[in-house]
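Trainee: I should like to learn how to read an interface between two chains. Where should we begin?

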Protein chains: 4
Amino acid sequence: MEVRAAVAGASGYAGGEVLRLLAGHPEVEIGAVTAHSSAGQRLGGVQPHLVPLADRVLQDTSAEVLAGHDVVFLALPHGQSAAVAEQLGQDVLVVDMGADFRLQDAADWERFYGSPHAGTWPYGLPELPGARTALAGTRRIAVPGCYPTAVSLALVPAYAAALAEDEAVVVAASGTSGAGKAAKPHLLGSEVMGSMSPYGVGGGHRHTPEMIQNLSAAAGTRVGVSFTPTLAPMPRGILATCTAKARPGVTAAEVRAAYEKAYADEPFVHLLPEGQWPATASVYGSNAVHLQVAYDQDAHRIIAISAIDNLTKGTAGGAVQSMNIALGLPEATGLPMIGVAP
Amino acid sequence: MEVRAAVAGASGYAGGEVLRLLAGHPEVEIGAVTAHSSAGQRLGGVQPHLVPLADRVLQDTSAEVLAGHDVVFLALPHGQSAAVAEQLGQDVLVVDMGADFRLQDAADWERFYGSPHAGTWPYGLPELPGARTALAGTRRIAVPGCYPTAVSLALVPAYAAALAEDEAVVVAASGTSGAGKAAKPHLLGSEVMGSMSPYGVGGGHRHTPEMIQNLSAAAGTRVGVSFTPTLAPMPRGILATCTAKARPGVTAAEVRAAYEKAYADEPFVHLLPEGQWPATASVYGSNAVHLQVAYDQDAHRIIAISAIDNLTKGTAGGAVQSMNIALGLPEATGLPMIGVAP
Amino acid sequence: MEVRAAVAGASGYAGGEVLRLLAGHPEVEIGAVTAHSSAGQRLGGVQPHLVPLADRVLQDTSAEVLAGHDVVFLALPHGQSAAVAEQLGQDVLVVDMGADFRLQDAADWERFYGSPHAGTWPYGLPELPGARTALAGTRRIAVPGCYPTAVSLALVPAYAAALAEDEAVVVAASGTSGAGKAAKPHLLGSEVMGSMSPYGVGGGHRHTPEMIQNLSAAAGTRVGVSFTPTLAPMPRGILATCTAKARPGVTAAEVRAAYEKAYADEPFVHLLPEGQWPATASVYGSNAVHLQVAYDQDAHRIIAISAIDNLTKGTAGGAVQSMNIALGLPEATGLPMIGVAP
Amino acid sequence: MEVRAAVAGASGYAGGEVLRLLAGHPEVEIGAVTAHSSAGQRLGGVQPHLVPLADRVLQDTSAEVLAGHDVVFLALPHGQSAAVAEQLGQDVLVVDMGADFRLQDAADWERFYGSPHAGTWPYGLPELPGARTALAGTRRIAVPGCYPTAVSLALVPAYAAALAEDEAVVVAASGTSGAGKAAKPHLLGSEVMGSMSPYGVGGGHRHTPEMIQNLSAAAGTRVGVSFTPTLAPMPRGILATCTAKARPGVTAAEVRAAYEKAYADEPFVHLLPEGQWPATASVYGSNAVHLQVAYDQDAHRIIAISAIDNLTKGTAGGAVQSMNIALGLPEATGLPMIGVAP
């Protein structure tokens, strides 16, 4: 099989990462690469690490340019994917790395994004119950947010096994690439190096309803989430510390067993041996998820902690993994399982 | 007044920081500096930033060497402070930056530290209710742990004002200096740069009972704490994200008012204007505490987040602040309020 | 003495640093703080570390606002200082932290800055031969560039003692704050963390003629400089590796002796003991210069390496040190000698 | 072809990196993995990023364990490779990532390493003139040092084209992984983050004679090198700033032409377009070399700057590249050309 793929938004971090992965994907040929303000520039000037693609010229993002490919990856600002997708045929696989088609509830969308809801596409987190079935053969994929990926993989086993009460508290640290490539003063190296800081505190982060959606689906009842994201002094990586009160009578052994069962056959989720804790460095640049869970007998809480690369498994890797499923390719094709460490 | 101060454990990070502060303290003259394995070396070889003290020679830690000073700062491994303190007169102010005398409950001590309880000294967190009274004139001070400092300052106002339910969930990120200067592979720069990782997960961290002690005292009832510390890729700083369920009927305005009242007159605690969040970079090298609080109306939780420098306000700065009170000096003498930023 | 000082350009890194130092200066009262695009904002929103000044409001930079102070610090873009200074009386001490008045040669200025030369003011590097005499009592000071400060202090002793040939090769690494606070994509944390990169290669950096000016003055003949600056993944600090061919017959002992003699009485320059090398962390936030020199007998080169904090000794600290001299205050007043380490 | 490969010294950084690459190499099956003090441990406990190999148990390093493989990679301390290699058959390809067989001059070896010279093997820097011929079919490979790789690729074209005088000045910044995984206080994260520092100044670094060897071979005459290595606050990467006086009459165009010609057909060396400068982030985890060269007309110097990943192209990637040549495989097999950025 030879799949021709285009990437819209190729000048940003998500676009660059999907190009990095596609360049190493044995079944994919990279076609058009498009951008908005960088259109007309050499890709090598904007993404200097992408040497094999350095001489490609960024085209202006348009349906005309993107048409004629088997797969189109969209790494566009919120609200722009629907218009582009509509102009692409139903036989083109459109993989949206933005937020537009992630949420099922239109009211949630409108409250958090302030614009009309565009719809809901099959959700590109294959490890969720039922997700692979929905992804197989689809031509539209909504790639999850980076935080919801980390949090859902950490807590779904607890909720699916009815081990946890329906209120989760999540504090996650993200590398700065999660904030994108637009130059803002608070994202300058001088500001972020040597510093930890929170943002979107108090329930305002747009990824919160997506977490609630996934955990509630697993629990079969509404799960509330208190979510605090923090910015960490590193380019990549998410460490999500996810806790929930254990239901009465739950034991540490039951918790461990639920996680072992949930991820026994997952190619990318690595439940660490007991006593070993994840570090974001171990998954740097890879599609791997490192995960550990503990039960605090004093506080009666389950603490599940996951580490992912926000740009790989959290965005572009999850996108390629879902593409593989949609196209009937082996799910792990072209996806590194080993992080670049140290 | 001229206060002669000795520092035991001067080769480590806490010892180095207290020397940095004392060197700029207008009422203090630095006397003996002692160490264990580094004894006999020039201080300049071990702490190259302490230029004015570079030619001092580290002496072996002993009561003989430490005697004859007005104040003795102890930065020793757990369990070693009691023996030294006993040999110093009751007129010498002993400021213990270790854990030995922090906990009131002997059973807690023995469970978490595995050795007999040495006793309890006045607790060097002046911002706690009643603390200044206990510190005034004392000749023994137990400096709090760095995490308990950050967490207590963040949550005590909520518990003192009866705004929060009695189970707190805390996730805190610390710079690597909190782990000390002993060379361990997982603390190598190659391992920690670009990486976030948790440790002591599930209730095992020794600072947990100290947090419970402080929050329970404020609440007037036992407060449980789920505490997860994480190691962040920065040398200094703690960002503590502290949340607790709000009691029924509590409003955002009440929460804000409680914090404004609690810290209106505190010289080092800076409650930020609404909408601005703390960053550890802003307190780098200073004794300041930057703090913000929010109420999440969906999750019904109070989220209080504090930023401190773990070595300054979290250790050596808190020690000097408490010394000032004990000796009747103005509390802020010799303590920087402005962090080194960016 | 009570000195009233104003700071123009208080929203940037140089302006913030001079305010940090002035807030701790026992003889200075801070008056007006001004900015351009941030005018009207609270200083606490722009410089959150400056807590004691948080409620000051930034005024628009103008001679009217700046008049009526004893000292005015200018942290303005190149080319704007002359117009402001002209409107301030000759009795006002104007300390320019920009480049406008550093160069003596008008042709050099025009070639590197592309605008007419504004003139030359007494040069604020007190450690240079003759500099203190020129600074005493002056009402105009040109603060050196950060790189020329580090490089001149490293190489002037070799040239003043006629130990080195007249071609120096300098490679220096700077923290990102040297590039300022304007948000540019290549200065994002995501780009700079984990990365070293050069810029201004091949002789184009504007600090090159300033280095040549200082070294040539010391040598009594023109000294050429090959200068390559690099951007390092840290907020602050310059490490300048400066090498020059030794003149025939020069010995290692002569080199050492020249440096010991040059800096024996300098309050801020710390020539390290032989075998110990400087690290930028040791001078973090301080006005100290850590320096070491070696003689490579195979390559017949002198290698002098200096570490400074680019914002402190390299900019704002050098400015305050020179102000102290101009006003007849003890030179070290208000200037930390100990870095914040680790 | 199926190549069975063993790795001795698999617990360290070089060993871990070669395993990461071999795990993605389509022609290699990983056999024994050995260590010294970590023998008996699960690889997953020591190298947590190597998930597919997590359950492998480290064996004690011995010729018996290593025998029976087609290729043996040695990542051992200096001086230990010869004894192991002697016990392996002449038909086994031994790839030494240590220093033992790099130098041709026994006196140089003895001076810098203080032990008897073990010999000289074909040198694993395929981009050097004649290197591929020597590597084809060989069963013994000496992988170059990381700094000599970066420096030789930067300066050999200038010397091979007789453009430069015979004295080079090199200042290079390295990530901390170059110093290895042994826990030493000065390599702690607390010490290295936010800090630049030099080491091995004045001609003492052991990579100096290796650079001289390579540059002299290219020049056809002895080239002296003044080399100053510095430690940068990043885990990986080398940025080598290499300068040499241009010979009389040399023009910028000649310099550019020489480099374009030298690297026109090299798969891993990427000479950047004029005006664009390398950054270590762009080659993170890849075998790519990013390179730029300039001519400073004032200083009459050629400045060539290269960026490599010290663990990949600088060690394990160079090892695999050379293995591919020795075994007759396509040279780029299994080697990423795209760095993990940002």
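Mentor: A salt bridge is a side-chain nitrogen of Lys or Arg within 4 Å of a carboxyl oxygen of Asp or Glu. Here C:R111 and D:D298 form a salt bridge through their side chains, at 2.7 Å from N to O. This is a predicted model, in which local features need pLDDT of at least 70 and side-chain atom pairs count only at pLDDT 80 or more, while totals for chains, interfaces and linings use all residues; side-chain values use heavy atoms, without hydrogens and water. Residues are numbered from 1 along each chain as its sequence is written, and chains are lettered from A in the order in which they are written.

Trainee: How many salt bridges are counted between chain C and chain D?

Mentor: The count is four salt bridges.

Trainee: How many residues does each chain bring to the contact?

Mentor: Contact means heavy atoms within 4.5 Å. Chain C gives 43 residues and chain D gives 43 residues.

Trainee: What area is buried between chain C and chain D?

Mentor: Buried area is the accessible area (1.4 Å probe) that two parts lose on being put together, summed over both. For chain C and chain D this area is about 3300 Å², with 63% from carbon and sulfur atoms.

Trainee: How is chain C related to chain D?

Mentor: Copies are superposed by least squares on the C-alpha atoms of residues with pLDDT of at least 70 in both. A turn of 180 degrees, with a shift of 0.0 Å along the axis, lays chain C on chain D with an RMSD of 0.0 Å. That is the relation of a two-fold axis. The same surface serves both copies, as 100% of the contact residues of chain C recur in chain D.
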